[in-house]
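Visitor: Please take me through one part of this model in close detail. I would like to look at the second largest pocket and what surrounds it.

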Amino acid sequence: MLDNRYISLKKVVLLIGLLLGTTGQSQATKEENAIMVLARPQTDNKIMLRWGPTTPRAFRKLNKFGYKLKRYTISISGKTLSKPIEEDLGNFKPAEPLEWQKIIEKNNNAAIMAQSIFGESFNVEGVGTLQGIINMSQEQEQRFTWALYVADQDFKVAKLAGLGYEDINVKSSEKYVYKVYPLVPKEQLDIKDGGVFVGLQDYQELPKPLDLAGIFNDKQVMLNWNYAIHKQEYNSYFVERSEDGINYKQLNKLPYTTLNSGGRVDTKRIYYVDSIKNNTKYYYRVKGRTPFGELSPPSDVISGKGIKVLPYVPKISTKEIVNEEKSVILEWQFLKEGNEFIKGFELNRSDKANGIYKTVIRNISPTARKIRYDNLKPTNYFKISAIGKEGNSRDSYPVLVQPIDSIPPVKPVGLNGKVDSLGVVTLSWKANAELDMLGYRVFKGNNKNEEFSQITVSPHLATTYYDSVSVKSLNDKVYYKIVAVDQRYNMSKYSDVLVLDKPDFIAPSDPVITSYKVKDKKVLLKWANSSSTDVVKHEVYRKLRDSINWKLISTVEKDTLKPSYTDWQDTNVDGGYDYNYLIKAVDDSGLVSKNEKGITIEVPRFELLTGIKNFGSYVDKTNNFIELFWKVLDEKNIAELMLYKEVKGKKMSLLRVMPPKFKRIVDENIKPNNIYTYIIRPVFIDGSLGQIKRLEVKY
């Protein structure tokens, strides 16, 4: 047992700024006793592995008995092995207490993990809001949750706890299945093993965090960014600040997660508050961190200044258009208690809600609450500004003043986009020029001819929009279009439809050979084409029956393919051989159909072999017989000789079957005044017939 003085959680509670961030594997949310596994290939020829149990009970048992890690080599150079190569990478369990004592004084994550595994009790005192997250009476749940959290935050600690491994004996030409097996006896607890399929070629650069925004107020800024899109990659973040836009300093020493996001609950965004000086420009960016300790590229930079806020804010309450739509009377609200803090009001106007406002009426009395403006344009946005005596000011929210308008915005143009390898879609388009624009509605379809569905809840203000699609679906394309909406909710025509190709991870369907025949020294094939719509060519492979390697002999491009089938002929064949043929489909992403079994076609010899020569006869009328003789050319390759006889005017019949060593035969079954025809033919050991030799004898 570790001495608790080494792992006192009074030091550990200083980590309350990071708390229990969601693990990259969502391990603590599963009820089944199982092991979950993550993998991350690296550019320095290694694969990093992380695993963990899904329940507190499994965590306790596995800490005692440990894990076994095995690697199975599934494919080499793109070819799937008939039998995977199995390798035992070792057994893993938490290091002994003495190993932990060496680092826990310098590593708070190690202290938490050691206390979770070895501590006599797990009672974190004085943690404040931590009680709202963890039920202090459930000690095993508490140990389990803290352990998984710090394993995700510190890969070195994860390895020390028997929850991580770096495989450096890997090759770029191979793909592996890593399996983590429990060593817990099943009679004590049945725990399901876990695994992951990965290779060095699966490496992908980390994406940058998206959609960083900030609200600058009096001596503080509230930052927020979208964490939902990349929640499978990043479990925590670091915030960086600069005063010159060049040199950045990390603000949070400990990883920042959703659970310490200023008390805000948001399923898509994470919040961070920083204290700053007023009237000084600051620059901010964020970086994500993976469960393997990798840092992402920085997000886009935002900047701004803190300003002292006037405690009273005006609010435009009514607007009345008069003088034949040429003038407007505006009224606003402002607490009387604020009159003594301001010099007066100003009326500001802009063509756009977020545009540049120009002051159109100055020096309005602090006690005034109504003003008339006589130079209305088709679209007008007004703000009332309270001008503070200390140089600060507060603006009302803008209000739209617009004469009667039933003209919709013009059709949006310039819609374009891209889909990255993770399925994140980035759309952008040109902004409409109308001054009364409210925003855009985005529509999406999975098929060109289906009815598109709206994916924006309300009009989207920006001209960039992020979406996500499944890269594992059978649809290889996704379709988008947008409409523009003005302040009167007049809607434009739909933009032109944007068609985007999804990342393709699905091989095309298999082509199938439907018929064949051998004719005129050619092999004629007919196959049903692959049904996949993104196929660009079919490849014809051939090999001799006993050969191992297939050889590409022809490529049939898409432009030459018939709608559903293809006729093709092989003119480069030799007679007397058995050929195997295999047709594969290749799509526009370079993926090849998975069929590996072809058909075998027997091509007969185009010319019969010569096995007999010098076929002759000797007639002996005295002794009444005919002697036939011949010479065998290739006795070792001939199985037998077939001799036929025909009496003129009668049907030919088989006279005798002889072994190849026979060189002569005597026919005594003859009669005078007849004409006899003899035919001899060799039969080779491969079953083929040789050329015939014919001989006519008069007797």
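Guide: What follows starts at the pocket, moves to a sheet that shares a strand with it, and then turns to other strands and to confidence.

This is a predicted model. The second largest pocket holds about 1,500 Å³ of space. Its lining is made up of 45 residues. Nearest the centre of the pocket lie His460, Leu461, Ala462, Thr464 and Tyr465. By class, the lining has 21 nonpolar residues, 14 polar ones and ten charged ones.

Now the strands. Four of them each supply at least two residues of this lining: S8 (210-217), S20 (380-388), S25 (437-445) and S27 (464-468). S27 gives the most, with five residues.

Follow S8 away from the pocket. S8 belongs to an open sheet of three strands, ordered S8-S9-S12, with antiparallel pairing. S8 and S12 (269-275) are the edge strands, each with a single partner, so one side of each has no neighbour in the sheet. From one strand to the next, the twist averages 20°. Within this sheet, S9 (residues 220-226) and S12 run antiparallel and are joined by seven bridges. One pair to pick out is Trp225 with its bridge partner Ile270 in S12. As background, strands of a sheet pair through backbone hydrogen bonds, either parallel or antiparallel.

A four-strand sheet is worth setting beside that one. This sheet is also open, in the order S4-S3-S6-S7, and its pairing is antiparallel. S4 (79-92) and S7 (194-199) stand at its edges; each has a single partner strand, so one side of each is left without a neighbour in the sheet. The twist here averages 20° from one strand to the next. Inside the sheet, nine bridges join S3 (residues 67-76) to S6 (residues 174-182), and the two run antiparallel. Tyr67 has Pro182 as its bridge partner in S6.

Next, a hairpin. S37 (residues 612-620) and S38 (residues 625-632) run antiparallel, joined by seven bridges. Ile612 is bridged to Val632 of S38. Four residues lie between the strands of this hairpin, and Asn624 takes a positive phi near 60°.

Last, how far to trust the coordinates. The chain averages a pLDDT of 86, and 91% of the residues score at least 70. Two stretches call for care. Residues 1-30 stay under 50 in pLDDT, though the model gives them 93 contacts beyond four places in sequence. Residues 124-137 are below 50 as well, with 19 contacts in the model beyond near neighbours in sequence. Where pLDDT is low, the predicted coordinates should not be read in detail.

Back to the pocket, to close. When you return to the view, begin with the residues nearest its centre, among them His460 and Tyr465. Then trace S27, which gives the most residues to the lining. From there, go to S8, which supplies at least two and stands at an edge of its sheet.

Methods: Residues numbered from 1 in each chain as written. Predicted model: local features only at pLDDT ≥ 70, side-chain atom pairs only at ≥ 80, totals over all residues. Heavy atoms only, no water. 1 Å grid on protein atoms, 1.4 Å probe; cavity = no way out; pocket = protein on both sides within 12 Å on 5 of 7 lines; lining within 4 Å. Points joined across faces, edges and corners; volume = space filled by probe spheres on them. Nonpolar A, V, L, I, M, F, W, Y, C, P; charged D, E, K, R; others polar. Pairing = 2+ DSSP bridges. Axes fitted to C-alpha atoms, helices over the stretch in contact; angles between N-to-C directions. pLDDT = per-residue confidence, 0-100. Contact = heavy atoms within 4.5 Å.
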